[in-house]
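Please find below my notes on the model, set out as numbered points. They are meant to be read beside the coordinates.

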Amino acid sequence: MSHAVEIRDLHYRAGKNFEIRELGLRVPTGSLYGFLGPNGSGKTTTIRLMLGLLRPLRGTITVLGASVPRDIPRILARTGYVPEQPHLYTSLTVDEALRFHAVFYPTWDGTWANELVGHFQLDRGRRLSQLSKGEMGKLEMLLALAQRPELLVLDEPTDGLDPVVRRDVLAALLDYVSQQNATVFISSHLVHELERICDWVGVMDRGRLVAELPMQSFKNGIKRLRVANPPALPGDTPFVVLAREAGNGASETWTVRGWQAPMSQYFEGVGASLREVIDLDLEEGFVELLRTFREPRS
Amino acid sequence: MFRMILFTQWKWSRLTLLPLVVAAFALPLLSVQGAGNPQTTPWEARQLLNALQSWGVGYPVLATMIALFMAMTAWSADHRGRHVYALSLPIPRWHYALQRFGAGALLLGAVVIALWLGALFAAGTASIPAGLHAYPTALAVRFALALFLAYAVFFAITAGTTRTAGYVLAIIGGIIVVQVLLEAAGVHVSLIPFIGDRLILWPGPLEIFSGRWMLIDV
């Protein structure tokens, strides 16, 4: 499997209170990679390191087969980037911003850019400083897409947008990906949004990558189990017990990771019985994963 | 690419730049207001030179003001966006900075041309006393050199982060504090004039700002 982004042993420090340690991350080519993490976990910093906006203390970063920071202009020419905060020159009009952006990208698709301006209902003569947050979000996405990039790096692209604009922006993104087979690296703390569109997920917390796996494995691997007559100590379980909560009477609810159906035999072996297996959605799984990471259990 | 960078620089600076171009054109004209009679006595000619010398202070001041303004406008939009846009464009950073510098320098050319035309017009219309000569081109060249030097210095400072600007201010502040402490301790060392002289007197890097800025001279 080839990788559009590959990060190895990355270290970065910003001040005394924040650092990224031993970060390793691999984004399969053609995947829609959701980069999850709570606020302040290091998602934006990782993206900035990936795009050469920051210099790491050590580690290697390869994007689209080229090395960061050595080949950064070549990488950026093939990468569409939507940052967390709007970064465009706000004194320009929409039309001027399009013309300014276009001259830097040899693959710029002017025809499609014009179509998207119409589709997003953006007023070409309007200054960027007068655009609403939603309009600015659409313009940022438009500029990234009209470059016809091989890799799209989107840092919280829909954060703060209303549901209608969010839907428009994501629809345009998915439309592009389905046509171009581009790789998308999308960071967000809106878990449900990523659950719908991503096929890979990486979870970041406190400057470290907590998990990286296919979305399906992530969703299926974390379960909540209702257990009757549970043992006082779980012992050697074939799965990872993330949490135990007392229920009614002699029952407990266990949150586990790495669950597979044949593992139910474990409960018979310890004199307990498994009453129910409950699927967790991504958000619940995400929360449980972070809880384990922050308070490791034996 | 350069055309679009030039366009943005023009858009950001035009409203202030246009009055400054007018000022650059007007300054030489205003400086020769006293030169009305070619039959002036040597004493009156000397008075004219004194008046021109007084106006001459305006040239380096104008050059510094324009350079500072142009350098600030070159980077203010990038500062607002924390340079993320410029850094995410697919060109080397030095290339972008060079183009930004070039765009500002090209617009400054308009100011130099305005001053040169103003100086030519002033020299052509003023009655110059015998023994004195007009140097419109030399004045314009000197103004251009001072303008581009000041622009380069301010461009370098404003291109940096707030921290860089802080370091520059801290150095200046440190020198002032040392001078005050030396004075308080009864040590009479003129630190600030010493540094000032090293900067603005030959062969100091800012020497071009000092001396006589004369449109008409002997």
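1. Strands β4(A) and β5 (residues 66-68) of chain A run antiparallel and are joined by three bridges, where helices (H or I, at least four residues) and strands (E, at least two) are DSSP runs numbered from the N terminus, and where two strands pair if DSSP finds at least two bridges between them. Across this ladder, Thr62(A) has Ser67(A) in β5(A) as its bridge partner. Two residues lie between the strands of this hairpin, in which Leu64(A) adopts a positive phi near 50°.

2. As to conventions, this is a predicted model, in which local features need pLDDT of at least 70 and side-chain atom pairs count only at pLDDT 80 or more, while totals for chains, interfaces and linings use all residues. Residues are numbered from 1 along each chain as its sequence is written, and chains are lettered from A and ligands numbered from 1 in the order in which they are written.

3. The hairpin belongs to an open sheet of four strands in chain A, ordered β2-β1-β4-β5 with antiparallel pairing. At its edges stand β2 (18-28) and β5 of chain A, each with a single partner strand, so one side of each has no neighbour in the sheet. From one strand to the next the twist averages 25°, with axes taken as lines fitted to C-alpha atoms, for helices over the stretch in contact, and angles running from 0 to 180 degrees between N-to-C directions. Inside the sheet, five bridges pair β1 (residues 3-14) of chain A with β4 (residues 58-63) of chain A in the antiparallel sense; opposite residues in β4(A) are Thr60(A) for Arg8(A) and Arg58(A) for His11(A).

4. Which helix packs on this sheet? It is α1 (residues 43-50) of chain A, which touches β1, β2, β4 and β5 of chain A and whose direction makes about 115° with that of β1(A).

5. A helix pair in chain A also deserves a look: the axes of α4 (residues 110-119) and α5 (residues 133-146) of chain A come within 9 Å and cross at roughly 160°. The two helices, α4(A) and α5(A), are therefore roughly antiparallel, a label for angles over 145 degrees, with those under 35 counted as roughly parallel, 65 to 115 as roughly perpendicular and the rest as oblique. Residues Trp112(A), Ala113(A), Leu116(A) and Val117(A) of α4(A) meet Leu142(A), Leu145(A) and Ala146(A) of α5(A), a contact being two C-beta atoms, placed from the backbone, within 7 Å. This contact of α4(A) with α5(A) has seven nonpolar, no polar and no charged residues, where Ala, Val, Leu, Ile, Met, Phe, Trp, Tyr, Cys and Pro count as nonpolar, Asp, Glu, Lys and Arg as charged, and the others, Gly among them, as polar.

6. For chain A as a whole, the secondary structure comes to 10 helices and 14 strands, and the C-alpha trace spans about 70 × 40 × 35 Å along its principal axes. Of the 298 residues in chain A, 40% are buried, that is, have 20 or more other C-beta atoms within 10 Å of their own, with 12 or fewer counting as exposed and values in between as partly exposed; C-beta atoms are placed from the backbone.

7. Several backbone values merit checking, since most residues other than glycine have a negative phi, and most peptide bonds are trans. The bond from Val68(A) to Pro69(A) is cis, with omega near 5°, and Pro69(A) sits in the loop between β5 and α2 (72-77) of chain A. Likewise, the bond from Trp202(B) to Pro203(B) is cis with omega near 5°. Asn229(A) has a positive phi near 50°, and Arg82(B) one of about 55°. Asn229(A) is partly exposed, with 13 C-beta neighbours inside 10 Å, and Arg82(B) is partly exposed with 14 other C-beta atoms within 10 Å.

8. Between the chains, 17 residues of chain A are in contact with 15 residues of chain B. On the chain B side, the elements giving two or more residues are α1 (2-31) and α4 (84-88) of chain B, and the residues of that side divide into 11 nonpolar, three polar and one charged.

9. Finally, Pro60(B), in helix α3 of chain B, is buried, with 21 other C-beta atoms within 10 Å. Leaving aside neighbours within four places in sequence, Pro60(B) is in contact with Ala146(B), Phe209(B) and Trp213(B).
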